[in-house]
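Reader: I'm new to this one. Can you walk me through what surrounds the ligands?
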Amino acid sequence: MIKACLFDLDGVIVDTAKYHYIAWKKLAKELGFDFSETDNERLKGVSRMASLDILLEIGGISITPAEKERLAHQKNEHYVSFITQMQADEVLPGAREFLKACRKAGIATALGSASKNAMTILERLELTDLFDVVVDGTHTTKAKPDPEVFLKGAEALKVNPAHCVVFEDAEAGVEAALAAGMKCVGIGHPEILTKAHLIIDGLHQMDLQKLNNIQ
Ligand code: BG6
Ligand code: MG
């Protein structure tokens, strides 16, 4: 019996990867090297600091921890300048509808994201009210594949992990869901999300019947 749905944000509810990409690309340019879209694939689902480590590795740059803090802050300023311009119609197809359907059916909803900008994004997309609980990068210390973000979500909802379904587009996120003892719906490439219980292209392909059929 499914009692709660927990959603990753980036790549599940909204396509913020393009904004992360242009923000990292801008930072790379400031540092004097190019950053490609292929390189950007390596950053999906990865925390801000771990993403910076990958970017610096690509640019062959070695710096002090203090300088890294400054660059991470600089990238976030670029990113925030993009996401604060987002419009409500940028919600991915079917996401708003599925969230509403869950709540109508008495299924609790939570966000489980690594992003420290999750609240800003939910507000821009006018989605804040559709989540009973929001757990984001400001509440967690361990990155996915650690299950912390989803376990905190289930705990706040007072739902046993066995009755939760997670929606994720990243391999590390699917692993986090399974490590939490939850079911997982993978969104995206079947070859990457092999461990998910069900794989779909997007929330537009999801409905309550499919949710309750997840084994
Ligand atoms: C994840 C994204 O959801 O959040 C990553 O997939 C991002 O690309 C991470 O680096 C952290 O986001 P933020 O907004 O705190 O820099
Ligand atoms: Mg994601």
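Reader: Which residues come nearest to ligand 1?
Author: This is a predicted model. In it, 13 residues surround ligand 1. D10, V46, S115, K116 and N117 come nearest.

Reader: What's the mix in that shell: nonpolar, polar, charged?
Author: The shell around ligand 1 has 4 nonpolar, 6 polar and 3 charged residues.

Reader: Ok, polar contacts. What does S115 do?
Author: A polar side-chain atom of S115 sits 2.7 Å from an oxygen atom of ligand 1.

Reader: And K116, which of its atoms?
Author: For K116, a backbone N or O atom lies 2.7 Å from an oxygen atom of the ligand. L43 also takes part: one of its polar backbone atoms is 3.3 Å from an oxygen atom of ligand 1.

Reader: How much of ligand 1 does the protein bury?
Author: The protein buries 95% of the 390 Å² that ligand 1 exposes when taken alone.

Reader: Where does ligand 1 lie relative to the domains?
Author: Between domain 1 (4-15 + 88-212) and domain 2 (17-83), because both give residues to its shell.

Reader: Switching to the magnesium ion. What are its protein donors?
Author: D8 (OD), D10 (O) and D169 (OD). They lie 2.0 to 2.1 Å from the ion, which is ligand 2. D10 is also one of the residues that come nearest to ligand 1.

Reader: How are those donor residues spaced in sequence?
Author: The pattern is D-x1-D-x158-D.

Reader: Last one. Is D8 buried or exposed?
Author: Buried. D8 has a relative accessible area of 6%, and buried means under 20%.

Methods. Residues numbered from 1 in each chain as written. Chains lettered and ligands numbered in written order. Predicted model: local features only at pLDDT ≥ 70, side-chain atom pairs only at ≥ 80, totals over all residues. Heavy atoms only, no water. Near = heavy atom within 4 Å. Polar contact = N/O pair within 3.5 Å; in protein donor to acceptor, adjacent residues only side chain to side chain. Areas by Shrake-Rupley, 256 points an atom, 1.4 Å probe, with all protein chains shown as cover. Nonpolar A, V, L, I, M, F, W, Y, C, P; charged D, E, K, R; others polar. Domains from an automatic or database assignment. Donors = N, O, S within 2.8 Å, 3.2 Å for Na, K, Ca; no water. Buried < 20%, exposed > 50% of the residue type's maximum accessible area, 1.4 Å probe, protein only.
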